Amino acid sequence: MKEIALYILDLCFNSIKAEADNLYIEVVSDYENDILKVYIKDDGCGMEEEFVKKVTSPFVTTRKERRVGLGISFFKELTELCDGRFDINSKKGIGTEITGFFKLSHIDLIPIGDMSSTIVSLIMSAPNVDIVFKYKTNKGEFIFDTKKIRKILKDVSLNNVEVLEWIKEFISENMEVLK
Amino acid sequence: MKSLEELEKIRKETLDKINLRKERTGTRIAVGMATCGIAAGARPVMMAILDELSKRNIVDVIVVETGCIGMCKLEPLVDVYEPGKEKVTYAKVDEDKARQIVVEHVINGHPIKEWTIENYL
């Protein structure tokens, strides 16, 4: 995968499959300390302690269609490739959090990519999940919160075509300012 | 810059539109979005479908994700569900194909047989 945003999309689908109601995504580009941080937290079903220990293996998955699960393994591999660090915490019945640190100037680090498309894809896929997305750089921060959007929309659904188009533009414009 | 006032406007317009067309077609488009789908380009496909629907002012079609069905090498897979009709599955969809599927199949009602999964099995 060629964008951090695609890794994030993939990991967030784990949260959706875990029946999360709330999803928190944070991307921090810290140029001063040369660190990119990606943090994802959900309130889904969580994992047993034993399963968390082996979940970074590509041969561990909950799905029945195939016997490999690559999402978390890919993400962990990318952190290691970029002199970074990977961390996962999960509690059964409470939720899961995943953190990835990358060296920003590392030659193998791929671009953050199109986060607005990632968020919109997530909303389309799981319109009932509430998503908070925070993007922070040395210039400032931007927070997108589906709860706020829902408040304005009232009886209009979040996955309405025109609303989605608006959200996509809204996120990309606000991120562009911080780059 | 997009503003929240604009969102309020979209809300009002959408409500008017929904009131105009009471009869919903209920067509559903599902894009394979597991790791295999995403790596093969499912996100741009989903965005292309959204863009095409928005350009043509189609508000009654729902776009959703679907998981991996074990045919990872044929991703991105796109399913079109129309009420009362059999599901049509398209394989190896890209942005251009996605746009044509929306226009030819979803809007005009003619499935594009050359691109369905049966051709790849």
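Reader: Two strands pair if DSSP finds at least two bridges between them, so in what order do the six strands of the open sheet in chain A lie?

Author: Happy to help! The order is S3-S4-S2-S1-S5-S6, with mixed pairing. Strands here are DSSP runs of E with at least two residues, helices are runs of H or I with at least four, and both are numbered from the N terminus. This is a predicted model, where local features need pLDDT of at least 70 and side-chain atom pairs count only at pLDDT 80 or more, while totals for chains, interfaces and linings use all residues. Residues are numbered from 1 along each chain as its sequence is written, and chains are lettered from A and ligands numbered from 1 in the order in which they are written.

Reader: Cool, which are the edge strands?

Author: Strand S3 (85–91) and strand S6 (140–145) of chain A, each pairing on one side only. S6(A) pairs with strand S5 (residues 130–137) of chain A in the antiparallel sense over six bridges, and A:Phe144 in S6(A) is the bridge partner of A:Phe133.

Reader: Which helix lies across S5 and S6 of chain A?

Author: H6(A), running at about 165° to S6(A). Angles run from 0 to 180 degrees between N-to-C directions, and axes are lines fitted to C-alpha atoms, for helices over the stretch in contact. Contact means C-beta atoms, placed from the backbone, within 7 Å.

Reader: Switching topic: how many residues of chain A are in contact with chain B?

Author: 30, and they meet 29 residues of chain B. The largest share of that side of chain A, nine residues, comes from H6(A).

Reader: And what's the mix by class on that side of chain A?

Author: 15 nonpolar, six polar and nine charged. Nonpolar covers Ala, Val, Leu, Ile, Met, Phe, Trp, Tyr, Cys and Pro, charged covers Asp, Glu, Lys and Arg, and the others, Gly among them, are polar.

Reader: Nice. How do the axes of H1(A) and H3(A) cross?

Author: At roughly 140°, coming within 9 Å. H1(A) and H3(A) are therefore oblique to each other; under 35 degrees would be roughly parallel, over 145 roughly antiparallel, 65 to 115 roughly perpendicular, and the rest is oblique.

Reader: Last one, chain B: which side chains along S2(B) are buried?

Author: B:Val63 and B:Glu65, which point to one face, while B:Ile62, B:Val64 and B:Thr66 point to the other and are not buried. Buried means 20 or more other C-beta atoms within 10 Å of the residue's own, exposed 12 or fewer, partly exposed in between, with C-beta atoms placed from the backbone. In a regular strand, side chains alternate between the two faces of the sheet.

Note on methods
Two residues are in contact if their C-beta atoms, placed from the backbone, lie within 7 Å. Two strands pair if DSSP finds at least two bridges between them.
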